[in-house]
Each structure stands twice: as C-alpha cells, then as structure tokens.
Amino acid sequence: MDFNVKKLASDAGVFFSRAMQFTEEKLGQAEKTELDAHFENLLARADCTKNWTEKILRQTEVLLQPNPSARVEEFLYEKLDRKVPSRVTNGELLAQYMTEAANDFGPGTPYGKTLIKVGETQRRLGAAERDFIHSASITFLTPLRNFLEGDWRTIAKERRILQNRRLDLDACKARLKKAKAAEAKAACEGDAVPDFQETRPRNYVLSASASALWSDEVEKAEHELRLTQTEFDRQAEVTRLLLEGISSTHVNHLRCLHEFVESQTNYYAQCYQYMLDLQKQLGRFSGTFVGNADSTSPPPAAASPPAVAAATLPAVPTIPVVPTIVGVPSTVAEGVLNPNEVKPPASGTRKARVLYDYEAADSTELALLADEMITVYSLPGMDPDWLIGERGNQKGKVPVTYLELLS
C-alpha cells in the first residue's frame with residue numbers, strides 16, 4: 001500500500017485547522033459565510049424528510065414483522081446479498097396444528113370437522129398475510145430504503161463538500177483581511193520621512209520592502225479568494241439542485257404510500273371475506289350438532305362475528321322462551337322447522353338490530369342485512385344459538401350472534 005507521509009501530514013493539518021475554524025465560528029470569534037434563507041429552508045426540509053422517513057421505515061418493518069430476531073435475520077441476509085429463507089406465518093402454523101389435532105380427535109367428529117374448517121381458514125389468512133408482507137416490502141419499504149441509502153447519502157456527501165468549501169472561503173477571507181491590515185500598517189510606516197543624515201537609513205528601506213511584500217500577499221490572497229468563491233458557488237448550486245429534488249422524492253413516496261394502503265386494504269378485505277365464509281360454514285354446522293346423542297362434546301356456537309367487532313359487542317341478553325305457542329307443529333321439537341308453519345307468539349317477541357350481513361344457507365333460514373331491524377322470538381326445543389326472525393312477510397331462522405337484542 002502506498003503510504004505518503006507528507007500527504008497524511010497535510011490532510012491532518014487541514015483537518016485541525018478546519019476544526020479550529022469551526023470552533024471559533026461556534027464561539028462567534030470568526031467570520032462565517034451565511035447561506036440564503038431559501039437554501040436554509042431546503043436544508044431543514046431535507047433533514048426533516050430524512051428523519052421522518054427513517055422513523056416510518058422502522059415502524060413499518062415492525063408492523064410487517066413484529067419479531068425483532070426475524071428482522072435482524074432479514075437485515076443480515078440483505079446485507080450479505082443472499083435470499084431470505086421462506087418463513088411460515090403464525091396463521092399457517094396454527095392451521096397445521098389444528099389439522100393435526102383434528103386427525104387425532106377424528107376428522108369425522110364435530111370437533112374434528114370444525115378444527116379442519118377453522119384450520120383451512122387460518123391457512124388462507126396466513127397466505128394472505130404473506131402476500132401482503134411481500135407486496136408492502138416491494139411497493140413501500142424498498143423505495144424508502146432506496147432513498148435513505150441512495151439519494152440521501154449523495155445529498156449528505158455534497159453537503160459535507162459544501163461545508164468544506166465554505167470553511168475554505170472563510171479562511172481566504174480572513175487571510176485577505178489580515179494581508180490588507182498588514183499592508184496598510186506597512187504603508188503607514190513607509191510614509192514616515194526618513195532621516196537621510198544617517199549613513200544607512202535601514203528603517204526606510206525595510207518598510208518599503210515590507211510594503212511591497214504585503215502588496216504581493218494581498219494580490220495572492222485576492223486571487224485565492226476568487227478561486228475559492230467560484231468553487232463555493234459551484235458546489236452550492238450542485239447541493240441546491242439535489243435539495244430541490246426532495247420535492248420529487250415526496251411525490252414518489254406519496255405514490256408508494258397509496259400503493260401500500262391499497263395492499264393493506266386488499267389484505268384486510270380478504271381476511272374479512274375468509275372469516276365471513278367461515279362463519280357461514282360454522283352456522284350451518286351448528287344445526288347438525290343438536291340432538292346428536294352419540295356426541296359427547298357440547299354443540300358449538302352458531303357463528304362468531306369478527307374478533308374486533310366481538311370485543312366491542314354488548315352482553316347479549318337472554319331472550320325469553322315461549323312455553324306454549326298455539327299453532328306450532330310438533331316437528332319443531334324434533335329439530336325440523338318449517339318457517340311457514342310457525343306463528344308468532346302473542347307475547348315474548350323482541351326487536352333486534354342486525355350486526356352483520358348473513359346469507360341464508362337454505363329455505364328455513366332468513367337472510368340478513370347489517371343495521372336492519374327485525375322481530376325475533378324463540379320456540380320450545382329450538383337450538384339456543386338460533387331464533388325465529390321476521391321481517392314483513394319473510395320469516396326464518398337467524399343466528400343469535402349476528403343480532404343485538406334490544407330491550
């Protein structure tokens with residue numbers, strides 16, 4: 001390796017002189033070239049963009065991958081320029097456990113069948129999550145990371161160069177100022193009348209020589225100042241163009257943000273649809289569990305609403321069961337219901353608000369629309385997870401978990 005001691009010493013001298021000059025500027029003991037207000041605003045805007053982009057990038061990574069160990073592993077693979085190994089999502093792992101449990105409990109039992117259905121939904125949810133993470137990484141994380149590792153590094157490099165050019169410019173200004181002061185002092189001393197009676201008027205000769213030397217020094221300092229000023233102006237223009245490009249960066253990040261929102265919307269829409277399908281399947285299964293004398297497990301709930309909505313649901317009061325209803329056929333007690341043969345009781349009916357859309361599985365059920373009001377009541381021998389619902393001339397079974405019973 002070529003080791004140049006003179007160059008190393010020169011670079012060290014420049015470094016220490018600039019450090020001293022920068023310290024004097026901070027203390028107000030040295031002249032500092034100020035940038036115009038527009039340039040300062042561009043610098044502040046660039047710093048703000050960089051800081052918030054870093055925070056948004058880090059938090060989005062946490063959103064997509066909450067496990068810090070997994071994030072560190074992905075970071076190392078990325079730095080090593082190697083492909084990140086495929087990782088099973090939590091939903092897919094839960095689906096695997098549910099399927100294995102169903103096989104052990106018996107896939108033909110009610111519990112086993114339900115585990116299989118729920119496990120399949122969890123697998124689909126896990127696959128949707130994987131697609132969302134992949135899409136968000138490409139459309140949102142990658143552009144943010146490219147800005148921080150590409151454009152911002154270029155801006156930071158040019159800003160450091162501009163800072164050095166400014167320090168050089170201020171140093172040239174200070175050198176010229178000192179040279180002019182020394183020249184003026186030498187000129188004042190040269191204007192004094194020499195004593196020619198002396199055999200050797202040395203003071204006059206020395207003053208004239210010093211004045212000439214300082215004049216040369218002033219010319220040299222002015223030439224260096226012009227060169228330094230030109231380099232500073234050129235670097236300031238380059239830096240200004242890069243800083244003005246932050247506006248284009250904002251436009252690009254805005255487009256990426258729209259794509260991220262679209263991916264997230266599609267992901268949650270898929271999850272919601274998968275859960276609705278699962279609710280319908282579980283709602284149809286609940287009727288088959290009632291009256292099964294061979295089954296030792298209790299009948300499951302008819303259909304559960306989405307987890308987020310369920311957390312905010314008020315306690316569902318128990319609807320009174322009408323002990324005797326005129327006109328109810330004996331087939332109701334046996335679990336077979338024909339809504340057209342059912343007559344509403346004289347008392348015991350209640351109003352209910354529908355929480356979610358529900359698609360009837362067969363002719364004995366009543367399709368529901370969210371936020372509509374219906375009349376509900378129960379019949380002796382009915383599954384407690386179901387009620388009879390009426391809307392105008394339409395009548396049929398409705399799942400309790402889709403309703404908010406009103407007083």
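Is C172 buried or exposed? In this predicted model, C172 is buried, with a relative accessible area of 7%. C271 also counts as buried, at 13% relative accessibility. A search of the whole structure for disulfides finds zero.

The chain contains eight helices and five strands. Read from the N terminus, the order of elements is α-α-α-α-α-α-α-α-β-β-β-β-β. The chain has 407 residues, and 32% of them count as buried. Its accessible surface amounts to about 25600 Å², with carbon and sulfur atoms accounting for 56%. When contacts between residues at least 6 apart in sequence are considered, 72% of them join residues at least 24 apart.

The largest nonpolar core holds 35 residues, of which F132, F140, W152 and L243 touch the most other members. At least two residues of this core are supplied by each of α2 (37-64), α5 (110-190), α6 (202-244) and α7 (246-289). Helix α5 gives the largest share, with 17 residues. Another core lies apart from this one and has 20 residues, including L366, V376, W386 and L387.

Contacts around F132 were examined next. With residues up to four places away in sequence left out, F132 touches L64, F260, S263, Q264 and Y267. One of these partners, S263, lies in helix α7. S263 counts as buried because its relative accessibility is 13%, and the cut-off for buried is under 20%. Under the same exclusion of residues up to four places away in sequence, S263 touches F132, S135 and T139. S135 has its place in helix α5 and is partly exposed, with a relative accessible area of 24%. The C-alpha atoms of S135 and E259 are 9.0 Å apart in space, although 124 residues separate the two in sequence.

The count of salt bridges comes to 16. One of them joins R123 to E120, with the closest N and O atoms 2.5 Å apart. Both residues lie in helix α5, where a spacing of three residues places them about one turn of the helix apart. R123 counts as partly exposed at 39% relative accessibility, and E120 is likewise partly exposed, with a relative accessible area of 36%. Elsewhere, D36, E237 and R240 are linked in a network of salt bridges.

Two further salt bridges involve the loop between β1 and β2. The first is formed by D371 and R353, whose closest N and O atoms are 3.0 Å apart. Because D371 lies in the loop between β1 and β2 while R353 lies in strand β1, the pair ties together parts that are 18 residues apart in sequence. D371 is exposed, at 56% relative accessible area, whereas R353 is partly exposed, at 28%. The backbone of D371 has a positive phi of about 75 degrees, although D371 is not a glycine. The loop that holds D371 runs between β1 (350-354) and β2 (373-377).

The second of these salt bridges is formed by R391 and E372, with 2.8 Å between the closest N and O atoms. R391 lies in strand β3 (residues 386-391) and E372 in the loop between β1 and β2, so this pair ties together parts that are 19 residues apart in sequence. R391 counts as partly exposed, at 25% relative accessibility, while E372 is buried, with a relative accessible area of 15%.

On the surface, V72, F75 and L76 form a nonpolar patch, and together these residues have about 290 Å² of accessible area. L76 is found in helix α3, which spans residues 68-79. The relative accessible area of L76 is 47%, and L76 is therefore partly exposed.

Methods:
Residues are numbered from 1 along each chain as its sequence is written. This is a predicted model: local features need pLDDT of at least 70, side-chain atom pairs count only at pLDDT 80 or more; totals for chains, interfaces and linings use all residues. Side-chain values use heavy atoms; hydrogens and water are left out. Patches are made of residues with over 30% relative accessible area and no salt bridge: like charges are joined within 9 Å, nonpolar side chains (Val, Leu, Ile, Met, Phe, Trp, Tyr) within 5 Å. Accessible areas come from the Shrake-Rupley method with a 1.4 Å probe; for residues, only the protein chains shown count as cover. A salt bridge is a side-chain nitrogen of Lys or Arg within 4 Å of a carboxyl oxygen of Asp or Glu. Helices (H or I, at least four residues) and strands (E, at least two) are DSSP runs, numbered from the N terminus. Buried means under 20% relative accessible area, exposed over 50%, partly exposed in between (1.4 Å probe, protein chains only). A disulfide is a pair of cysteine sulfur atoms within 2.5 Å. Contact means heavy atoms within 4.5 Å. A nonpolar core is a set of buried Ala, Val, Leu, Ile, Met, Phe, Trp, Tyr and Cys residues joined through side-chain atoms within 4.5 Å.
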